[in-house]
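I am opening a notebook on a structure that is new to me. My entries below keep to what I looked up.

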Amino acid sequence: MRTLFLACFLFACSQSDTGGATDSGTAAATVAPADDPTTDEPDPTTTSGETTYTVSVWADNWSSMYIDGTLVMEDSVPITTERSFNEEVFTFTATPPFQVAVELKDFKETDSGLEYIGEPNQQMGDGGYIAQFIRADGSTALVSDASWVCLVTHQAPLNKDCESSADPDTDCLFATVDTPEGWADPDFDDSQWAAASVYTEAEVSPKEGYDRVTWDPAAALIWGTDLEIDNTLLCRVGVEG
Ligand SMILES: [Ca+2]
Ligand SMILES: [Ca+2]
């Protein structure tokens with residue numbers, strides 16, 4: 001019941017609020033119901049605790065986000081686009097506490113984990129992700145940091161020395177973990193997931209789109225323990241009331 005109520009607000013808000021932000025993309029908007037023009041008004045926190053958040057994310061190379069199990073954002077640039085780096089800015093309304101869950105993907109051409117296979121620049125790609133949730137009054141509700149917990153579901157290559165192989169699909173080893181049922185739901189047990197690793201800008205060298213967002217200084221670039229071989233991650237964090 002609560003999820004359905006939340007979804008209604010999410011779709012309405014994602015459709016109504018595309019102005020002002022750069023490159024605002026959201027899959028939710030494509031299935032949005034008829035909009036209520038009143039949602040274009042500034043949306044202050046109400047007595048119920050309902051709050052509108054402006055979320056900025058940047059991913060190398062792709063991300064999606066769920067709030068209490070409902071998809072609210074999917075990267076507008078397909079991961080198969082070469083050099084898929086872009087920020088996404090979107091809004092949603094919810095009443096804390098709620099659960100944030102994101103899927104993060106570094107581009108890989110095959111299960112070898114490599115990109116530009118057969119070309120002079122054949123290499124292991126690397127990842128990186130940053131996010132912030134800002135309330136309507138300008139205060140920060142959530143940033144990406146080591147308090148997020150993650151499960152890596154695709155790792156490759158496990159043997160990094162295959163990077164220069166002429167046949168990486170044969171020589172590179174990989175490991176996968178099935179995506180757990182209900183992984184984005186509020187009641188999912190993530191107690192065995194690992195804390196996100198924090199990286200510096202120098203380590204990630206964030207590219208296009210990163211500089212178009214004014215990041216809260218507390219917002220950290222995160223990923224798994226290895227920027228190169230951790231290719232797909234699921235991460236979760238709660239927002240308290
Ligand atoms: Ca990689
Ligand atoms: Ca990459």
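These entries go from the whole chain to the core and then to one residue.

**Entry 1: the chain.** I began by noting that this is a predicted model. I then looked up the secondary structure and found three helices and 15 strands. The chain has 241 residues, and 41% of them are buried. Next I took the contacts in the chain with a separation of 6 or more. Of these, 73% join residues 24 or more positions apart.

**Entry 2: the core.** Which residues have the most contacts inside the largest nonpolar core? I found Y129, I130 and C235. This core has 45 residues. Another core, of six residues, lies apart from it. I noted L114, A156, C162 and I229 among its members.

I then followed Y129 outward, leaving aside its neighbours within four places in sequence. Y129 is in contact with A59, S63 and L104. Its list also includes S144, and it ends with L221, I222 and W223.

**Entry 3: N61.** Where is N61 placed? I found N61 in the loop between β1 (51–60) and β2 (62–67). Is N61 buried or exposed? I count N61 as buried because it has 28 C-beta neighbours inside 10 Å, and the cut-off for buried is 20 or more.

I looked up the contacts of N61 too, again without its neighbours within four places in sequence. They are I79, S84, F85, K105, D106 and F107. Last, I checked N61 against N231, which is 170 residues apart from it along the chain. Their C-alpha atoms are separated by 9.7 Å.

Note on methods:
Residues numbered from 1 in each chain as written. Chains lettered and ligands numbered in written order. Predicted model: local features only at pLDDT ≥ 70, side-chain atom pairs only at ≥ 80, totals over all residues. Core = buried A, V, L, I, M, F, W, Y, C linked by C-beta atoms within 7 Å. Buried ≥ 20, exposed ≤ 12 C-beta atoms within 10 Å, placed from the backbone. Contact = placed C-beta atoms within 7 Å. Helix = DSSP H or I, 4+ residues; strand = E, 2+ residues; numbered from the N terminus.
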